[in-house]
Amino acid sequence: MQLPDHLTYTEEHEWLNPGDGNVFRLGITDYAQDQLGDIVFVELPEVGRVVDTGGLLAEVESTKSVGEVYAPVAGTVTAVNDAVTTQPELVNSDPYGEGWLVEMEANDPLPTMLNADAYRTLTE
């Protein structure tokens, strides 16, 4: 299982890559995509959508099931990765790169998330 050290992780199997200020990029972890199986459909929110902490951000559908992606913090969607809506398999092949899902600007500074070692412990 891939777990880049520069990212932070949630207990709900999402990764965050903090950018400038309160902006961050988000996707699902390698563990999550593996558990889902072959991704066949991704539904993303519209840019500008305001979400509360724990609010539904995206749905990732596989041949096995549907996974829901929740906002780790309250904020506004600033960008979406349209490539995964036309090529959902990118979430499987490159979950930390081309398979990212959304960018958000958090209303407040990002809270402390799990580091790679803590997330690895969670999934073992």
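Guide: A residue counts as buried if its relative accessible area is under 20%, and as exposed if that area is over 50%. Keep in mind that this is a predicted model.

Visitor: What share of the residues of the protein chain count as buried?

Guide: Apply the cut-off of under 20% relative accessible area. The protein chain has 124 residues to sort. The share that counts as buried is 46%.

Visitor: What radius of gyration does the protein chain have, and what would a compact globule have?

Guide: The C-alpha atoms fill a box of roughly 35 × 35 × 20 Å along the principal axes. With 124 residues, a compact globule would have a radius of gyration near 14 Å. The chain agrees with that, at 13 Å.

Visitor: How much of the accessible surface belongs to carbon and sulfur atoms?

Guide: Start with the total. The accessible surface of the protein chain is about 6400 Å². Carbon and sulfur atoms hold 44%.

Visitor: In what order do the elements run from the N terminus?

Guide: The protein chain has 4 helices and 9 strands to place. Read from the N terminus, the order is β-β-β-α-β-β-β-β-β-α-α-β-α.

Visitor: Among contacts between residues at least 6 apart in sequence, what share joins residues at least 24 apart?

Guide: A contact needs heavy atoms within 4.5 Å. Take the contacts between residues at least 6 apart, then pick out those at least 24 apart. Their share is 60%.

Visitor: Which strands are the edges of the sheet of 6 strands?

Guide: This open sheet has antiparallel pairing and the order β1-β2-β3-β9-β8-β5. An edge strand here pairs on one side only. The edges are β1 and β5.

Visitor: Which residue stands opposite Pro-18?

Guide: Strand β2 covers residues 14–18, and 5 bridges join it to β3, residues 23–28. The two strands run antiparallel. Opposite Pro-18, in β3, stands Phe-24.

Visitor: By how many degrees are neighbouring strands of the sheet of 3 strands turned against each other on average?

Guide: This open sheet has the order β4-β6-β7, with antiparallel pairing. Its edge strands are β4 (39–43) and β7 (66–70). Ignoring direction, the average turn between neighbours is 20°.

Visitor: What are the partners of Phe-41 and Glu-43 in β6?

Guide: Strand β4 is joined to β6 (residues 56–62) by 4 bridges, and the two run antiparallel. Phe-41 has Glu-61 as its bridge partner. Opposite Glu-43 stands Glu-59.

Visitor: Through how many residues does the hairpin join β6 to β7?

Guide: These two strands run antiparallel and share 5 bridges. One bridge pairs Leu-56 with Tyr-70 in β7. The hairpin that joins the strands passes through 3 residues.

Visitor: Why do the buried residues of α4 line one face, and what arc do they fall within?

Guide: Helix α4 spans residues 116–123, and its Ala-116, Tyr-119 and Thr-123 are buried. An α-helix has 3.6 residues a turn, so residues three or four places apart point the same way. Seen down the axis of α4, the buried residues line one face because they fall within an arc of 65°.

Visitor: Which exposed residues sit on the face of α4 turned away from its buried side?

Guide: Exposed means over 50% relative accessible area. Look at the face turned away from the buried side of α4. The exposed residues there are Asp-117 and Thr-121.

Visitor: Which elements do the buried residues of α4 pack against?

Guide: Take the buried Ala-116, Tyr-119 and Thr-123 of α4. The packing partners of the buried residues are a strand, residues 8–9, and a helix, residues 30–36. Their names are β1 and α1.

How values were computed: Residues numbered from 1 in each chain as written. Predicted model: local features only at pLDDT ≥ 70, side-chain atom pairs only at ≥ 80, totals over all residues. Heavy atoms only, no water. Pairing = 2+ DSSP bridges. Axes fitted to C-alpha atoms, helices over the stretch in contact; angles between N-to-C directions. Rg over C-alpha atoms; globule rule 2.2 N^0.38 Å. Buried < 20%, exposed > 50% of the residue type's maximum accessible area, 1.4 Å probe, protein only. Areas by Shrake-Rupley, 256 points an atom, 1.4 Å probe, with all protein chains shown as cover. Arc of directions from axis to C-beta.
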